[in-house]
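Happy to walk through this one with you. Let's take a few structural labels and ask what earns them.

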Amino acid sequence: MQERDHGGGLDAAIARWGGDRSDWLDLSTGINPNPYPLPKFSEQAWTALPDKAAERALINAARSFWNVPDEADILAAPGASSLIARMPQLFDAQKVDIPKPTYNEHAAAFAAQGWSEAASADVRVLVHPNNPTGKLWGSDDLTSKVTIIDESFCDVTPEHSMIDHSAKPGVVVLKSFGKFWGLAGLRLGFIIAAPDVIAKMRDMIGPWAVSGPALETATRALRDLQWAEETRVRLAQDAKRLDALLARHGAESVGGCDLFRLYNVDDAEAWSARLGEHHILTRIFPYSETYLRLGLPPQAGWDQLEAALKG
């Protein structure tokens, strides 16, 4: 099977352009470069199977943070990707509508289960905000029998979340913990939907799906509303700063969100290679010769990026 196109892949970039990992600025993902601070873990987090009380604490924190309707249920899983891979198994259909361009794992998951894509289908997938364009969807777009709403990047703009629709039959909302909180290695995601859908997914995932350290970290983070508010402000400021910096060097901002920005350039591959020579990894797409996507640099990375653009 052909490897799918993703951000990351720093090892391949090092093999091409050299340097050590410490030399590189990875802007190929949309992960918050200033992550939530890890707590001091209890010994039991590492040595014991995750208990029901810790799972309930996480679910209660998630329900409160996202204002999940009382009629909807919520399940934590080892990463949003594990949920995406299982989506086709939840529904009895064979065609899916996935508006393009968008995150390619959704199409891959359905294709792996023998589904085909169609413009009008009983199952629809909406990435909200979309990756890479940043397009926001709305309630008027919930036109299919089943709509899967991937809100992996929506925590920067909670006012646009469609979580209030999650109790409705046929609406499934996916959340990623790794993006906004910057802890992608923790591998934690959530599915929010009607109780019968959650029960089916729970049976597929099995017990102890989320590690003890992930339970402790995410519960604390989801309760830390001040950190979330301050982070949204900082990410919005940095997104504007990145747009201004790229504009000075001829890139046109055409979309994205406050975790990644999408630019139109004359030759995306050439831009990516030029930045790669300066040990900066960016994202280009096989379906566009002009799209260049950049995540936000950490505070220590802005000078490196500006120097590379000048060079």
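The turns below look at a sheet and the helices beside it in this predicted model.

Q: What makes strand E9 (252-257) and strand E12 (283-285) edge strands?
A: Each of them pairs on one side only. The open sheet has four strands in the order E9-E10-E13-E12, with antiparallel pairing. On average, neighbouring strands of this sheet are turned by 30° against each other, direction ignored.

Q: How do you know that strand E10 (residues 260-264) and strand E13 (residues 288-295) pair?
A: Pairing calls for at least two bridges found by DSSP. E10 and E13 have five bridges, in the antiparallel sense, so the two strands count as paired. Within this pair, Tyr 263 stands opposite Leu 292 in E13.

Q: Where does helix H9 (residues 268-277) lie?
A: H9 lies across E12 and E13, and runs at about 40° to E13.

Q: Why is H9 called oblique to H10?
A: H9 and helix H10 (residues 302-310) pack at an angle of about 120°, with their axes 9 Å apart. Roughly perpendicular covers 65 to 115 degrees and roughly antiparallel begins over 145. The H9 and H10 angle fits neither range, and therefore H9 is oblique to H10. Their crossing is right-handed.

Q: What makes up the contact of H9 with H10, by class?
A: Trp 271, Arg 274 and Leu 275 in H9 meet Leu 305, Ala 308 and Leu 309 in H10. Arg counts as charged, while Trp, Leu and Ala count as nonpolar. The contact therefore has five nonpolar, no polar and one charged residues.

Technical notes. Residues are numbered from 1 along each chain as its sequence is written. This is a predicted model: local features need pLDDT of at least 70, side-chain atom pairs count only at pLDDT 80 or more; totals for chains, interfaces and linings use all residues. Side-chain values use heavy atoms; hydrogens and water are left out. Helices (H or I, at least four residues) and strands (E, at least two) are DSSP runs, numbered from the N terminus. Axes are lines fitted to C-alpha atoms, for helices over the stretch in contact, and angles run from 0 to 180 degrees between N-to-C directions. Contact means heavy atoms within 4.5 Å. Angles under 35 degrees count as roughly parallel, over 145 as roughly antiparallel, 65 to 115 as roughly perpendicular and the rest as oblique. A crossing is left-handed if the near helix is turned anticlockwise from the far one by less than a right angle, and right-handed if clockwise.
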